Amino acid sequence: MDDFIAARSQMALSLGFHIIFSCIGMIMPFFMAVSHFKWLKTGNIVYRNVTRAWSRGVAIFFATGAVSGTVLSFELGLLWPEFMKHAGPIFGMPFSLEGTAFFIEAIALGFYLYGWNKFNKWFHWFTGVIVGVSGLASGILVVAANAWMNSPAGFDYVNGQYLNIDPIAAMFNDAWFSQALHMILAALTATGFAVAGVHALMILKRKHIQFHTKAFRIAAVFACAGAILQPLSGDISAKDVAKRQPVKLAAMEAHFKTEEKAALILGGIPDEKNDTVHYALKIPGALSFLAHGNFKTSVTGLDAFPKDVHPPVAITHYAFQVMVGLGMLMLLIAVFYFFTLWRKRSWLEKRWLLKLFTIAIPVGFIAVEAGWTVTEVGRQPWIIYGIMRTRDAVTPMPGIVYSFYIFTAVYVSLSVIVMLLLYRQVKMVGKLYDVA
Amino acid sequence: MLYVVMAYLWASILLYVLMGGADFGAGILEFLSTRKSKDQTRRVMYRAIGPIWEANHMWLIIAIVILFVGFPVIYATVSVYLHIPLTIMLLGIVARGTAFSFRNYDAVKDKMQVVYSKTFMYSSVITPLFLGIIAGSAVSGKIDPQATHFLDAYIFSWLGFFPVSVGIFTATICGFLAAVFIIGETKTETERQRFIQKARHMSLAAIAAAVLVLAAAHADNIPLAHWLFGNPVSIACVVLAAVSLIWMWVSLFRGSTRWLRIIAGAQITLLLVAITYEHYPVLINLKDTEGLSLLIHKGSDKTIHALAVALLAGSIFILPALFYLLYSFNRQEEPVAD
Ligand code: HDD
Ligand code: HEM
Ligand code: HEM
């Protein structure tokens, strides 16, 4: 493995690790707040127990999210110094605001975790809401920074110089809205399905049914609402990509030749040498419709761009298919669940329904990772789209491979320990939380 | 507005040294405690830093963000030439942060506790050691952008007598700050006496380490004496720090601890003022060339302006909330995590 590939892999690994914790950090506080609210309103002790159990889980995730985020803010420089030298002052605005959001989140979390029975109960509840709101804010901000890499704005690029820098315009670049919206819904869906699934599993095992049922209901409703909105937001994203990064869209869809009434390609194996896709299912006109809202409009294909700015087509295409496929799966589950709530309440007790949710535990997170693969790999070979190549941004220091190995070992062991802690947390529900 | 940004950078470095330092120091004290008293140290320590420990480490993030938004060239240069110590420090931060909360939140208390505690203690020593090494190498002019050889560019930029002794000094300072901080949080007289004892030991260690730094500066031809005594402000700081050291010693031996935290905080602040005043506006000294100045290597004016506004606006939210957090948990009996 050469150092450049190692640097990219290390970045991808760190981000892929961090995103799981940040999704949970953005969404869990809201689940907690709902359950906490129900406890304060109804006085049903089970809700208090659910809130407490969740808040302990969140504390574990928060710590891991915070340290992996700290690593990232250094890694931007450690791995991509040339990029940061120029990009820092342009796309740094969201990061400086994000600092505030993190700070507030950390302070509010201090109040929330250590404040049981110490403050006015509504003040205490409110600090929990603040944790969630500031988490969401930091998520939106950092995605705006990433959006700038996809859709650079707020400067003039003249002879290799970055002039007339306007950090506010850079923050509100063309991609920030569609990406931030899609990311938040993704976090909601992924966290919701994971949490609902874990509680469903425990109900199936007939452990502390009351406790887990209440927890399941809260998470499942949020998850399903997210899953229904997600394809709509994904459609906004796709139309947006078609406009600002046509080459990425072409790679996502494995769309090699520019044509009118472009077909949507499902599955298949892209063959980048011969510019075709083997064994795919083609739906004529559908891609034109999805990208531009009209079955006839021409869709730019990869052939419109020189080979040296093509992103890796196969990875982007597979990742996109995985994301959309899993999105559709979750959409089905969601529609089905709402139908159950509306018409067939008796199904709620059925084991197959719970099993369905158990299977969906990892699905949302797999879709999140796939989606980010689409966005980031689909941007290659650029680190700043159309302006700076990733290869030109990498650190001159040799030996990044070793750093990659070390971080891989660290992240793998952290993942194992976090899983173990979570397992224990769930196993101990009876002892710790299911007491009246 | 540039001065606002620089003030924030300076203040967040100072606060990280004070608050983050006390936090690291807690782990160092645990490391140095005898086996019997480890549990006790841990309990008092947890009570003292539990609610604020996340916030303590935010200062580092603020400093880094200010650097990469406001002074990108400085951030990029440091990232390239100090890649290795920065990475080690990061690994320390990761190990420490996760071990601390895993230890507390693991629902089953079994052998894993030993693993968490060991990790926590070792990384509490390693992280400030490398922080100090990074600081030492940044001021000492060991970074050589002209270097062509791997060792010169990426190893000897930080691996030297002087940076390492600054690292050791930093670690002892952290231990000292932690002991002083925790004295104020103790609940019983025996606990209090134990931590007074620790504070005495750590202050001796810090003085020994300071001597080591002076020796290293001499050996490495670093004009440390000139930085400390080269201008009236620095001299004043050093003298004040020395006087307060005597005051502190007297208090420590008398067992009166009322002013301790303030004195300790003041000493660190004076030390930072003394060093930075002489270096200002240079943040990073380089070998054989002009150092990297905050006044020259800054981002565009608009960026600096926006950054300053963001920092000022952020403070309006953060500072009251932070003070209220510190205040509420200071008044209270036993903050127990849930
Ligand atoms: C639960 C996760 C999830 C689900 C079910 C979906 N997505 Fe997604 N998608 C993401 C999670 C995600 C993501 C991880 O959050 C990304 C990466 C960057 C971003 O902004 O969101 C993303 C990116 C992303 C992009 C690229 C945006 C860009 O590069 O700027 C497009 C075009 C879509 N998605 C489209 C869709 C469509 C049409 C879906 C239909 C079902 C869909 N996504 C479901
Ligand atoms: C957390 C969600 C994210 C994930 C999972 C993710 C994933 C990835 C992946 C897979 C790569 C490697 C692409 C390749 O080399 O082929 C990458 C590169 C990179 N990403 Fe992201 N990314 C995320 C968000 C962000 C954000 C928010 C930023 C910055 C604001 C960012 C900055 C970068 C940089 C600087 C690189 C390296 C340069 C490059 O390969 O283009 N990423 N990311
Ligand atoms: C799309 C990608 C990202 C999202 C949605 C995101 C979101 C979040 C959230 C919600 C948190 C709070 C931690 C928690 O509650 O567990 C967090 C932590 C953090 N993130 Fe990210 N992040 C992303 C990528 C990045 C990148 C690229 C960086 C660095 C440049 C970064 C830096 C940090 C830092 C420093 C923290 C720690 C803050 C603390 O101590 O609370 N994040 N992130």
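This is a short tour of a predicted model, with stops at the contact between two chains, a ligand and a single serine.

**Stop one: where chain B meets chain A**

Start by colouring chain A and chain B differently, then select the residues where they touch. You should pick up 65 residues from chain B and 63 residues from chain A. Together they bury about 5,900 Å², and carbon and sulfur atoms give 78% of that area.

Next, look for charged pairs across the contact. There are three salt bridges between chain B and chain A. To see one of them, show the side chains of D106(B) and R424(A), which meet at 2.7 Å, N to O. Widen the search to polar contacts, and the count between the two chains is seven residue pairs, both residues at pLDDT 80 or more.

Now stay on the chain B side and switch to a cartoon view. Six helices of chain B each supply at least two residues to the side that touches chain A: α3 (53-70), α4 (72-81), α5 (83-105), α6 (112-140), α7 (150-155) and α13 (301-331). Which helix gives the largest share? Select α5(B): 15 residues of this side come from there. Colour the side by residue class and you get 45 nonpolar, 14 polar and six charged residues.

**Stop two: ligand 2**

Centre the view on ligand 2 and show what surrounds it. There are 23 residues around ligand 2, and those that come nearest are R8(A), L15(A), E376(A), R379(A) and Q380(A).

Zoom in on the oxygen atoms of the ligand. One lies 2.8 Å from an N or O atom in the side chain of R379(A). For the side chain of Q380(A), the distance from a ligand oxygen to an N or O atom is also 2.8 Å. Then click on T390(A), where an N or O atom of the side chain is 3.3 Å from an oxygen of ligand 2.

Zoom back out to see where the shell comes from. In chain A, α1 (3-42), α3 (81-91), α5 (121-150), α13 (363-377) and β7 (382-384) each give two or more residues. The largest share, six residues, belongs to α1(A). By class, the shell has 16 nonpolar, four polar and three charged residues.

**Stop three: S14(A)**

Last, pick S14(A), which sits in helix α1 of chain A. Is this serine buried or exposed? S14(A) counts as buried because its relative accessible area is 0%, under the 20% cut-off. Show its side chain together with that of E75(A), and you'll find a polar contact of 2.8 Å between them. Beyond its neighbours within four places in sequence, S14(A) touches L72(A), E75(A) and Y411(A).

Methods
Residues are numbered from 1 along each chain as its sequence is written. Chains are lettered from A and ligands numbered from 1 in the order in which they are written. This is a predicted model: local features need pLDDT of at least 70, side-chain atom pairs count only at pLDDT 80 or more; totals for chains, interfaces and linings use all residues. Side-chain values use heavy atoms; hydrogens and water are left out. Contact means heavy atoms within 4.5 Å. Buried area is the accessible area (1.4 Å probe) that two parts lose on being put together, summed over both. A salt bridge is a side-chain nitrogen of Lys or Arg within 4 Å of a carboxyl oxygen of Asp or Glu. A polar contact is a pair of N or O atoms within 3.5 Å; within protein, one must be able to donate a hydrogen and the other to accept it, and residues adjacent in sequence count only if both atoms are side-chain atoms. Helices (H or I, at least four residues) and strands (E, at least two) are DSSP runs, numbered from the N terminus. Ala, Val, Leu, Ile, Met, Phe, Trp, Tyr, Cys and Pro count as nonpolar, Asp, Glu, Lys and Arg as charged, and the others, Gly among them, as polar. A residue is near a molecule or strand if one of its heavy atoms lies within 4 Å of it. Buried means under 20% relative accessible area, exposed over 50%, partly exposed in between (1.4 Å probe, protein chains only).
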